[in-house]
Amino acid sequence: FMGGMCLGSLLTPRLIATRHHPLRIYAYLELGIAFCGVIILLCFPVLGNVYLAWAGTGLTGLVLRALITGVCLLPPTFLMGATLPIIARWIEATPQGISWLGYFYGGNIAGAVVGSLLTGYYFLRVYDLTITTILAIAVNILVAVIGLIIAKVAPYKFPVNPTPTKVKAKESKIVFLAIALSGLTAMAAEVIWTRNLSLLFGGTVYTFALILAVFLAGLGIGSTIGAKVGRQTANPRRALGWCQMLLCLAIAWAAYLINDSL
């Protein structure tokens with residue numbers, strides 16, 4: 001899932017020209033996600049039969065699970081990862097600047113929190129996988145239609161000869177390394193928390209939905225606050241460093257509480 005989002009975010013700016021309206025491209029991406037949902041829903045029984053026929057223990061079973069997961073998740077998550085850099089083209093063209101991306105990211109995650117809770121605790125409980133998937137596809141189509149409507153009335157002037165931002169290569173590499181290590185520890189912590197809390201709550205969709213919702217809620221709140229801080233601080237690198245220092249304490253506190261509960 002994260003691998004597909006990473007590839008989409010990395011490759012999309014290189015594949016789609018800036019002359020296209022970002023909201024129109026965003027709408028097409030949402031339609032593509034909906035199409036992937038339809039394909040997965042139709043092909044899932046076939047993939048299930050393949051897995052039951054060929055699955056085994058050890059390396060063979062692991063490789064087969066990885067292949068099936070990649071076939072199902074890489075296409076839609078690639079499109080999901082492409083949405084942020086595409087929207088960034090439109091937001092950067094506004095006077096508010098790049099800091100608005102933090103608010104956009106926070107709003108996107110707020111929807112993800114609601115979606116994970118509704119899916120895990122209501123739709124999958126009251127209905128079934130097919131109905132839940134169709135509802136998600138319908139929401140994607142609705143978002144795409146709204147995006148196309150806004151694209152017709154919202155102006156967009158693409159840069160003909162964009163001026164490259166002058167950033168020292170050494171400093172930018174250090175920031176990228178810090179962000180990558182932060183993502184590594186964040187996802188590792190989520191996996192560990194999911195494993196530990198499943199011992200308390202059971203290994204069900206309810207446990208996963210709850211942990212995912214709380215994890216995303218924290219990301220959304222932090223993103224919104226970070227966008228505000230980013231506008232006001234003169235040294236964002238120092239703010240990033242303090243965030244990482246506080247994160248060490250927060251992860252240690254979470255580990256203590258979870259193990260104390262166990």
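Before we start, one cut-off: buried means under 20% relative accessible area, exposed means over 50%, and partly exposed is what falls in between. The exercises below use a predicted model.

**Exercise 1. Getting oriented**

Describe the secondary structure of the chain and how many helices and strands there are.

*Solution.* Start with the elements: the chain has eight helices and zero strands. Reading along the sequence then gives α-α-α-α-α-α-α-α. Next, take the extent: along the principal axes, the C-alpha atoms fill a box of roughly 55 × 45 × 35 Å. Of the 262 residues, 26% are buried. The accessible surface is about 17300 Å², with 74% of it belonging to carbon and sulfur atoms. Finally, look at the contacts between residues at least 6 apart in sequence: 83% of them join residues at least 24 apart.

**Exercise 2. An aromatic pair**

Work out how the rings of Y121 and Y206 are arranged: is the pair stacked, edge-to-face or tilted?

*Solution.* A pair of aromatic rings is described by the distance of the centres and the angle of the planes. Rings pair if their centres lie within 6.5 Å, with planes under 30 degrees apart counting as stacked and over 60 as edge-to-face. With this rule, the count comes to five aromatic pairs. For Y121 and Y206, the centres are 5.3 Å apart and the planes are at 50°, so this pair is tilted. Now place the two residues: Y121 sits in helix α4 (residues 100-126) and Y206 in helix α7 (residues 205-232), so the pair ties together parts that are 85 residues apart in sequence.

Then check the accessibility of each partner. Y121 has a relative accessible area of 32%, so it is partly exposed. Y206, at 33% relative accessibility, is partly exposed. As an extra, ring pairs also link a cluster made of Y122, F123 and Y127.

**Exercise 3. Two residues of helix α6**

Classify N196 as buried or exposed, and find which residues M187 contacts beyond its neighbours within four places in sequence.

*Solution.* Begin with N196, which is found in helix α6 (residues 169-201). Its relative accessibility is 17%, so N196 counts as buried. Leaving aside neighbours within four places in sequence, N196 is in contact with I258 and L262.

Move on to M187, whose place is also in helix α6. At 30% relative accessibility, M187 counts as partly exposed. With neighbours within four places left out, M187 is in contact with M2 and F215. For a distance check, take M187 and I221: they are 34 residues apart in sequence, and their C-alpha atoms are 17 Å apart in space.

**Exercise 4. Helix α2 and the loop after it**

Find where helix α2 bends, then describe the surroundings of A55.

*Solution.* Helix α2 (residues 22-54) bends by about 45° at C43. A proline, P45, follows within four residues. The buried residues of α2 include P22, L23, Y26, E30 and C36.

A55 lies in the loop between α2 and α3 (58-92). At 31% relative accessibility, A55 counts as partly exposed. Not counting residues up to four places away in sequence, A55 touches V50 and L64. A55 and R65 are ten residues apart in sequence, and their C-alpha atoms are 8.0 Å apart in space.

**Exercise 5. Charges**

State how far apart the mean positions of the positive and negative charges are.

*Solution.* First count the charges: the chain has 17 positive and 6 negative ones. Then compare their mean positions, which are 13 Å apart.

Technical notes
Residues numbered from 1 in each chain as written. Predicted model: local features only at pLDDT ≥ 70, side-chain atom pairs only at ≥ 80, totals over all residues. Heavy atoms only, no water. Phe/Tyr/Trp six-rings, centres within 6.5 Å; stacked < 30°, edge-to-face > 60°. Buried < 20%, exposed > 50% of the residue type's maximum accessible area, 1.4 Å probe, protein only. Contact = heavy atoms within 4.5 Å. Areas by Shrake-Rupley, 256 points an atom, 1.4 Å probe, with all protein chains shown as cover. Lys, Arg positive; Asp, Glu negative; His and termini not counted. Charge placed at Lys NZ, Arg CZ, Asp CG, Glu CD. Bend = angle between axes of the 7 residues up to and from the residue.
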